[in-house]
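Dear colleague,

I am passing on the structure we spoke of, with the sequence alongside. Please look it over before reading my notes below.

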Amino acid sequence: MRILLVALLYFQTLQASPLLENEFVRVWRNMAPCAAAAPSCGDRVLLALGSIEVSGQKLERGDVRVFKTDERYSPPISGDYLEVVIKPGHPKTIAPSAGTPPAPDNKILYDGKEFTIFEEKMQPGELSSRHSHNQRLAIFLNRTQVQQWTNYWQREPSGESETRELIPDQVTFRPAVAHISKDVGIVPIRNILIEFKPQNFYPDLPPAPPPQMRHEGQ
């Protein structure tokens, strides 16, 4: 009986723990502890992993809805979903160096001040152009495989590459990168990316005073 009780408490602890947490985000599965917009919660992204209803709006797998910092919402009462909490005061994202290839031409689901949400799709056998990503949260929706060349000026068969399996509903935080990708599976790649924008300014600082004009004779 005591062993069963300990196991139950352990299971409840696991259920109450974030699926992923770092300096940028806190991710919960089938839980929405920030639905009430507590002061410690920033912007939140609800990502549907199946058919759900959020504050009266129906979402299907891969759909997202973004709630601003002080916006409350009614979480789903059934179905699979993720609540992604964007931590207030998260580290600034550094802008890519000069000459870095641009971001891929993905479908934009949301474009905000601090982050953009993309839907990334590739067909089996498709090879992307060279492109870059900032730091980002990646959620994989289909089970397939991707081959990537980080030395993007080289391509198969001479370039060094890595092949990874994409597992449905897996959530990972990825570093900034420039690469070429290829869908080497038999199923289309479909990923949702929450990508952080570079912050090259400091909005809390007062504006700089206007330059002093120098007149003749001074």
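What follows is a short account of the chain as a whole, then of one sheet and one residue in it.

Please keep in mind throughout that this is a predicted model. The chain holds one helix and 16 strands, and of its 218 residues 39% count as buried. Among contacts with a separation of 6 or more, 76% are between residues 24 or more positions apart, while the accessible surface amounts to about 13,300 Å², with 54% of that belonging to carbon and sulfur atoms.

The sheet I looked at is an open one of four strands, in the order 10-15-12-13, and its pairing is antiparallel. Strand 10 (131–133) and strand 13 (162–166) form its edges, each of them pairing on one side only, and neighbouring strands are turned against each other by 45° on average, with direction ignored. Between strand 10 and strand 15 (residues 177–183) there are three bridges in the antiparallel sense, and one link between these strands joins His133 to its bridge partner Val177.

Thr144, which lies in strand 12 (residues 144–149), has a relative accessibility of 5% and therefore counts as buried, the cut-off being under 20%. The side chain of Thr144 reaches the backbone oxygen of Val187 at 3.0 Å. Once neighbours within four places in sequence are set aside, the contacts of Thr144 include Arg164, Glu165 and Leu166, and also Asp183 as well as Gly185, Ile186, Val187, Pro188 and Ile189.

With kind regards

Key: Residues numbered from 1 in each chain as written. Predicted model: local features only at pLDDT ≥ 70, side-chain atom pairs only at ≥ 80, totals over all residues. Heavy atoms only, no water. Pairing = 2+ DSSP bridges. Helix = DSSP H or I, 4+ residues; strand = E, 2+ residues; numbered from the N terminus. Axes fitted to C-alpha atoms, helices over the stretch in contact; angles between N-to-C directions. Buried < 20%, exposed > 50% of the residue type's maximum accessible area, 1.4 Å probe, protein only. Polar contact = N/O pair within 3.5 Å; in protein donor to acceptor, adjacent residues only side chain to side chain. Contact = heavy atoms within 4.5 Å. Areas by Shrake-Rupley, 256 points an atom, 1.4 Å probe, with all protein chains shown as cover.
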